[in-house]
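The exercises below are meant to be worked through with the sequence and the coordinates open side by side. Try each task before reading the solution that follows.

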Protein chains: 2
Amino acid sequence: MSAFPSPQDITTITCVGAGTIGGGWAAYFLARGYTVRVWDPSPVAGERLARLIDAAWPALAELDMVDGADKDAWSVHTDLAEAVAGAGFVQESAPEDLDLKRRLFADLDAVCDPGVVIGSSTSGYAMTEMATEVTHADRFVVGHPFNPPYLIPLVEVVGGERSSQEAVDWAAAFYTRIGKSVIRMDREVPGFIANRLQEALWREALHMIDNGEATVEQIDRSITDGPGLRWPFHGPMLTFHLAGGEGGMAHMLDHFGPSLKSPWTRLTAPELTQALRDDVVAGCEEESGERTISDLIAERDAGIVALRKLTGSGISPAPTASESTATPGGA
Amino acid sequence: MSAFPSPQDITTITCVGAGTIGGGWAAYFLARGYTVRVWDPSPVAGERLARLIDAAWPALAELDMVDGADKDAWSVHTDLAEAVAGAGFVQESAPEDLDLKRRLFADLDAVCDPGVVIGSSTSGYAMTEMATEVTHADRFVVGHPFNPPYLIPLVEVVGGERSSQEAVDWAAAFYTRIGKSVIRMDREVPGFIANRLQEALWREALHMIDNGEATVEQIDRSITDGPGLRWPFHGPMLTFHLAGGEGGMAHMLDHFGPSLKSPWTRLTAPELTQALRDDVVAGCEEESGERTISDLIAERDAGIVALRKLTGSGISPAPTASESTATPGGA
């Protein structure tokens with residue numbers, strides 16, 4: 001087991017891989033005031049990263065940038081030992097190839113001080129299956145971001161069987177410190193949480209296209225003009241909490257539970273046992289906290305109004321004078 | 001077959017059922033300048049509807065209200081024939097109970113002029129299975145809204161086997177005229193489109209809670225602070241179009257296609273045939289139109305910045321003076 005430095009003592013971070021995800025992380029770390037060292041074997045890595053940082057910087061300046069952030073505080077290296085020199089944390093974002101990750105982790109383990117935590121951006125591999133060739137397995141954890149990492153707050157943090165609790169704690173504290181919304185998982189689940197949910201939706205969409213049941217455009221619009229307008233404010237659970245009216249999730253499950261048997265997706269539902277029902281109801285009540293159903297509805301509505309003004313989604317054109325006086329229904 | 005009135009000649013609409021959905025429709029129709037007649041057997045229907053309209057009116061005034069909209073232009077009736085008198089359109093939003101819908105449709109069919117289209121808010125029944133006891137089956141169509149119907153633009157329109165093309169056309173034109181975002185489906189698919197997608201996500205979430213893999217709060221936050229921040233701007237298809245970098249959906253499917261075999265959800269994926277791959281790629285290119293990948297990225301980023309300012313999602317507190325000068329990483 002290693003003694004990790006306090007997250008606030010870190011000044012330099014190494015990004016291993018500078019593609020869409022690794023480059024996005026580099027831009028974010030720069031905006032948070034860190035010096036960034038990049039390892040990437042591509043001869044055009046530096047040029048590509050400069051473009052990515054240029055594109056991301058204005059958005060970062062609006063949301064997460066700290067005073068003194070230096071857009072140019074980065075360097076690209078092709079030697080791994082050189083790339084990790086002085087780094088207090090390493091974020092790995094290499095291509096999703098298990099053998100490649102295993103070899104890379106072994107190389108990283110050999111050149112990094114054992115006191116450095118190594119976080120992986122993997123979107124689906126378990127740390128237990130990736131960290132098989134390393135000596136200091138305790139400091140390897142998953143820190144899974146979402147595209148683009150410089151704008152989406154979510155980071156899923158989970159360790160493997162050989163990761164230390166201390167390293168997982170450290171990574172969660174570090175990502176939280178730099179402004180991320182951290183979900184710390186206790187167990188390794190393939191796809192983590194958010195990817196399991198969006199992958200279920202994506203697979204259902206592919207089935208529908210495959211069967212000629214919907215077009216790409218219809219699938220996208222069914223989300224952007226429908227449920228997608230609610231999800232930034234309330235996730236799927238609180239959304240259905242509101243679908244139950246004043247009775248909330250309890251009413252929803254007790255009355256619409258049988259619809260789980262409907263063939264509304266290719267995904268078979270779990271049995272709605274009393275225990276599952278009670279867990280879901282209790283979770284919604286806990287998440288709602290002091291907010292009543294009416295409070296949540298007001299919150300959702302205010303959010304949707306502002307969001308629809310933003311996206312212009314479904315905003316009706318203003319009726320012309322002749323139309324607005326002649327008939328109801330507007331333009 | 002019936003001759004339906006031109007949508008612009010309608011001045012009165014009947015809402016059958018005034019719960020969360022039916023009441024939401026009533027508020028929306030009022031905001032669009034219609035007179036609304038409500039049929040609801042509950043003795044507290046009027047009182048409940050008044051509260052719902054009061055709550056919805058300010059949001060409606062911000063987005064969809066036409067000049068001259070009258071918040072009080074509604075009446076509640078317990079006699080069905082009286083409720084539909086003078087109505088040019090009927091929106092049915094009774095509880096999701098197939099026998100009840102069948103009986104109600106027979107009753108509605110008997111009291112409504114054959115020239116009146118009847119739209120159903122059903123969230124999952126096919127019109128073919130609901131309109132079994134009616135004479136004028138041609139004018140019954142599904143017009144499925146999303147909660148709350150006074151704010152979410154999406155309406156899915158689809159007919160049953162005995163619905164006329166003319167009635168489906170009419171309903172699509174009518175909902176479009178009143179400012180809705182209409183998806184017109186050619187085939188009856190259980191759960192339509194958006195509910196199939198959100199139901200897949202919901203079932204995956206229930207499995208995760210059932211197995212102790214995630215809590216209700218983690219599931220919601222994995223969406224609100226993650227993919228949910230992208231979906232109001234780009235649906236799941238265009239989102240993955242961007243995950244492919246400059247190569248778009250073609251690169252995404254050609255390189256990440258094998259991940260469809262990963263156990264990232266309980267939903268089995270379809271075989272990624274060349275035909276399916278080509279359909280998805282062509283659909284994304286068509287939907288993107290003139291917009292390049294860079295345009296789409298800029299659009300997404302501007303949207304997420306504005307949305308995160310709106311929700312406060314993951315916004316880091318401003319670093320204090322001492323912290324911001326002392327160390328990188330901010331507060």
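**Exercise 1: The interface**

In this predicted model, chain B and chain A bury about 11,500 Å² between them, with 63% of that area on carbon and sulfur atoms. Determine which three residues of chain B supply more of the area that chain B buries against chain A than any other three, and which helix of chain B gives the most to the side that touches chain A.

*Solution.* Begin with the buried area: Trp202(B), Arg203(B) and Trp264(B) supply 8% of what chain B buries against chain A, more than any other three residues. Next, take the contacts, where 130 residues of chain B meet 130 residues of chain A. Then turn to polar pairing, for which the search across the interface gives 44 residue pairs in polar contact. On the side of chain B that touches chain A, the leading contributor is helix H7 (residues 194-210), with 17 residues. Finally, sorting the residues of that side by character gives 66 nonpolar, 37 polar and 27 charged.

**Exercise 2: Salt bridges**

Find how many salt bridges cross the interface of chain B and chain A, and locate the elements that hold the partners of the pair Arg266(A) and Glu213(A).

*Solution.* Start from the whole structure, in which the search returns 38 salt bridges over all chains. Restricting the search to the interface of chain B and chain A leaves 6 salt bridges. A pair that joins the two chains is Asp64(A) with Arg308(B), whose closest N and O atoms are 3.3 Å apart, and this distance satisfies the cut-off of 4 Å. Within chain A, the side chains of Arg266(A) and Glu213(A) form a salt bridge at 3.1 Å from N to O. Arg266(A) sits in the loop between helix H10 (248-256) and helix H11 (274-288), while Glu213(A) sits in the loop between helix H7 (194-210) and helix H8 (216-224), so that the pair links distant parts of the chain, 53 residues apart.

**Exercise 3: Backbone geometry**

Identify where the cis peptide bond of chain A lies that runs from Asn147(A) to Pro148(A), and what sign phi takes at Phe192(A).

*Solution.* As a reference, most residues other than glycine have a negative phi, and most peptide bonds are trans. The bond from Asn147(A) to Pro148(A) is cis, with omega near -5°, and Pro148(A) belongs to the loop between strand S6 (140-144) and strand S7 (154-159) of chain A. In chain B, the bond from Asn147(B) to Pro148(B) is likewise cis, with omega near -5°. Phe192(A), although not a glycine, has a positive phi of about 55°, and its place is in the loop between strand S8 (181-184) and H7 of chain A.

**Exercise 4: Domains and confidence**

Decide how chain A is divided into domains and over which residues of chain A the pLDDT is below 50.

*Solution.* Chain A comprises domain 1 (12-184) and domain 2 (194-311), whose centres, taken over C-alpha atoms, are separated by 32 Å. For confidence, the model scores ipTM 0.92 and pTM 0.91, and chain A averages a pLDDT of 91, with 94% of the residues scoring at least 70. Over residues 315-327 of chain A, however, the pLDDT is below 50, although this stretch has 17 contacts in the model beyond near neighbours in sequence. Where pLDDT is low, the predicted coordinates should not be read in detail.

Methods. Residues numbered from 1 in each chain as written. Chains lettered and ligands numbered in written order. Predicted model: local features only at pLDDT ≥ 70, side-chain atom pairs only at ≥ 80, totals over all residues. Heavy atoms only, no water. Domains from an automatic or database assignment. pLDDT = per-residue confidence, 0-100. Contact = heavy atoms within 4.5 Å. Buried area = accessible area lost by both parts, 1.4 Å probe. Polar contact = N/O pair within 3.5 Å; in protein donor to acceptor, adjacent residues only side chain to side chain. Helix = DSSP H or I, 4+ residues; strand = E, 2+ residues; numbered from the N terminus. Nonpolar A, V, L, I, M, F, W, Y, C, P; charged D, E, K, R; others polar.
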